[in-house]
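Thanks for making the time this morning. I would like to walk you through one model, beginning with its metals and then moving outwards, so please have a look at it first.

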Amino acid sequence: MIDIKSENELKLISEAGKIVRLVLVELKAAARPGIKTADLSNIAEEVIKKSNARSAFLGYRGFPGAICTSLNEQVVHGIPGDTVLSSGDILSIDVGIEKNGYYADSAITVPIGDKVSGNALSLVEVTEKSLHLGIEKAVEGNRLFDISNAIQAFAESHGYGVVRGFVGHGIGKNLHEDPEVPNFGKKGTGPRLKNGMVLAIEPMINEGGYEVEILSDGWTAVTKDRLLSAHFEHTIAITSNGPKILT
Ligand code: MG
Ligand code: MG
């Protein structure tokens, strides 16, 4: 069942969303050649703590990090650690927090330094644009897979692979709620969208094929062909004024 949020709940999710945004702004500024992904995680933990919030990821099904840091061919769920960023990398940073019982979730992919290839920059741009095209379809009366289809059509028109193994989700009192929000699907199908629904829409787009596999750490998802992957995510609400980005 897809939960409809009250005005007050939307306010609480929005407060969590502001903290997620604050963390991502800080991490984007800090993500430079020479820094370790663990350093980024430490920065995130500081901001989250100062905001009297809690990482939604740390301990989630045993996940060992406060944020996810997924480098280059890593798709999602990379664990922060001793990996040092180099100029030319792209780094996906995923942040989820809980405050006052409500969750928000958002991700960006950041080009590191000035040696990032044109191909990598294009993948990052197309992935971000696909997120916004999906969000535009998040209006009352549309079908859920209108969102999915907008993302898929745009990404595939650039020859990219749309990840099937991971999807977006409803969010609110829990990090993951109904419905699943795939980044692929048929226009005009899926549940009818209603005002008060809150969704985390999160295209994961691969430079090559869509297949992924999980590394031996049990978490890090990588592209099967080891080509690049990018990830952008926002928590959004469907409102009478159209889609509202909360992160
Ligand atoms: Mg996320
Ligand atoms: Mg998510």
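Let me begin with the magnesium ion (ligand 2), whose donors follow the spacing D-x63-H-x32-E-x30-E along the chain; by donors I mean N, O and S atoms within 2.8 Å of the metal (3.2 Å for Na, K and Ca), and since water is not among the atoms, sites may look incomplete. Before I go on, please keep in mind that this is a predicted model, in which local features need pLDDT of at least 70 and side-chain atom pairs count only at pLDDT 80 or more, while totals for chains, interfaces and linings use all residues. Residues are numbered from 1 along each chain as its sequence is written, chains are lettered from A and ligands numbered from 1 in the order in which they are written, and side-chain values use heavy atoms, with hydrogens and water left out.

The protein donors of ligand 2 are D105 (OD), H169 (NE2), E202 (OE) and E233 (OE), at 2.1 to 2.2 Å from the ion. Of these, E202 sits in the loop between β9 and β10 (204-206) and E233 in the loop between β13 (229-231) and β14, so that this pair, 31 residues apart, links distant parts of the chain; helices (H or I, at least four residues) and strands (E, at least two) are DSSP runs, numbered from the N terminus. Both E202 and E233 are buried, where buried means under 20% relative accessible area, exposed over 50%, and partly exposed in between (1.4 Å probe, protein chains only).

The magnesium ion (ligand 1) lies 3.2 Å from ligand 2, and D105 bridges the two. Its protein donors are D94, listed twice through OD, together with D105 (OD) and E233 (OE), lying 2.0 to 2.5 Å away. Because D94 belongs to strand β4 and D105 to strand β5, this pair ties together parts that are 11 residues apart in sequence. D94 is buried, at a relative accessible area of 7%, and D105 is buried as well, at 3%.

What surrounds these sites? The largest nonpolar core has 52 residues, and those with the most contacts inside it are L40, I93, V95 and I201; such a core is a set of buried Ala, Val, Leu, Ile, Met, Phe, Trp, Tyr and Cys residues joined through side-chain atoms within 4.5 Å. Helix α1 gives the most to this core, with seven residues. If we take I201 and leave out residues up to four places away in sequence, this residue touches L131, I135, I147, I151, V181, F232, E233, H234 and I236, a contact being heavy atoms within 4.5 Å.

I147 and I151 bring us to α4, where both are buried. Since 10 of the 14 residues of α4 are buried, this helix is largely enclosed by the rest of the structure, and its buried residues pack against α3, β6 (161-162), β8 (177-181), β9 and β10. Just after α4, G159 takes a positive phi of about 85°.
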